[in-house]
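Me: I would like to go through this model step by step, beginning with a single residue and then turning to its surroundings. Please reason through each point before you give the value or name.

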Amino acid sequence: MARKRIVVFASGRGSNAEAIYEASRNGTVNGDVVMVFSDRSQAAVLRKAASWGVPAFAADPGGFSSRKAYDEALLRAVLPYRPDLICLAGYMRICGAELVQAFPGRIMNIHPALLPSFRGLHAQRQAVEAGVKVAGCTVHFVGTGLDDGPIITQTAVPVFDDDTEESLSERILQEEHPAYVRAVKAFCEDRLRIEGHCVHGLHGKGAGL
Ligand code: GRF
């Protein structure tokens, strides 16, 4: 099976990007990170990509007249890398419909909550404030709405009485990395099937995690 070509979009420190990169390098994932893109020119993830020898690009949305114009430029930058899979890893922008439709079933995102609860920003703070006792992370295919799209895998973590947004974020982050790698690994082995709003192939009995 041919190795998949993975492009990562990230806005910040890039720990999920790093987990995916490491998994590709150590053979866990049948794919290679071929390009990293950021909407923030100072993002730490760009320095990480440089240290991996992976091409990295940044484009500031402020320089574009609309989201559509920005996404079109982004598409032009990404297409030459022929991605099989785009991984949003702490990418703090919504992908417009054209971008999503250019890669149907081929854009993944990680969200630090058990979707469909706590969509949007500050998901961990939302969880603490709501007083839930179980939080977690979700890897899902990207749809055109906010943090929607078919769910690939989720991991739950407990919420403790004295948790803050920071302590809960840290506990969830520890689970984000293996969850994202699990989803990317399954994709790169052609194991995921999207049927309606459901993804099959990763959580079936005997599928193995
Ligand atoms: C993660 O918590 C991710 O779930 C959220 O943003 C954070 C990014 O962290 N969307 P990192 O840049 O991958 O370290």
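Me: Is S15 buried or exposed, and what is its relative accessible area?
Reply: This is a predicted model, and the answer rests on a computed accessibility. A residue counts as buried under 20% relative accessible area and as exposed over 50%. S15 falls under the lower cut-off and is therefore buried, with a relative accessible area of 16%.

Me: Which helix holds S15, and which residue's side chain does the side chain of S15 join in a polar contact?
Reply: S15 belongs to helix 1, which covers residues 15-25. A polar contact of 2.8 Å links the side chain of S15 to the side chain of H177.

Me: Which residues lie around the ligand, and how many of them are nonpolar, polar and charged?
Reply: The residues around the ligand are R13, G14, S15, N16, G90, I110, P112 and E176. Glycine is counted with the polar residues in this classification. Sorted by class, the shell around the ligand consists of two nonpolar, four polar and two charged residues.

Me: How far from an oxygen atom of the ligand are the atoms of G14, S15 and E176?
Reply: For G14, a backbone N or O atom lies 2.9 Å from an oxygen atom of the ligand. For S15, the atom in question is a polar side-chain atom, and its distance from an oxygen atom of the ligand is 2.5 Å. For E176, an N or O atom in the side chain is separated from an oxygen atom of the ligand by 2.7 Å.

Me: What share of the area that the ligand exposes when taken alone does the protein bury?
Reply: The ligand taken alone exposes 370 Å². The space that the ligand takes is the largest pocket. Of the area exposed by the ligand alone, the protein buries 86%.

Me: Where is R82 found, and is R82 buried or exposed?
Reply: R82 is found in the loop between helix 3 (67-78) and strand 4 (85-88), and R82 has a positive phi of about 45 degrees although it is not a glycine. Because exposed means over 50% relative accessible area, R82, at 55% relative accessibility, counts as exposed.

Me: Which residue is joined to P116 by a cis peptide bond, and what is the phi of F118?
Reply: P116 lies in the loop between strand 5 (107-111) and helix 5 (123-130), and the cis peptide bond, with omega of about 10 degrees, joins P116 to L115. F118 is also found in the loop between strand 5 and helix 5. Although F118 is not a glycine, its phi is positive, at about 55 degrees.

Methods: Residues are numbered from 1 along each chain as its sequence is written. This is a predicted model: local features need pLDDT of at least 70, side-chain atom pairs count only at pLDDT 80 or more; totals for chains, interfaces and linings use all residues. Side-chain values use heavy atoms; hydrogens and water are left out. A residue is near a molecule or strand if one of its heavy atoms lies within 4 Å of it. A polar contact is a pair of N or O atoms within 3.5 Å; within protein, one must be able to donate a hydrogen and the other to accept it, and residues adjacent in sequence count only if both atoms are side-chain atoms. Accessible areas come from the Shrake-Rupley method with a 1.4 Å probe; for residues, only the protein chains shown count as cover. On a 1 Å grid over the protein atoms alone, a cavity is a set of points where a 1.4 Å probe fits but cannot get out, and a pocket is an open set with protein on both sides within 12 Å along at least five of seven lines; lining residues have an atom within 4 Å of a point. A molecule sits in a cavity or pocket if more than half of its atoms lie within 2 Å of its grid points. Helices (H or I, at least four residues) and strands (E, at least two) are DSSP runs, numbered from the N terminus. Buried means under 20% relative accessible area, exposed over 50%, partly exposed in between (1.4 Å probe, protein chains only).
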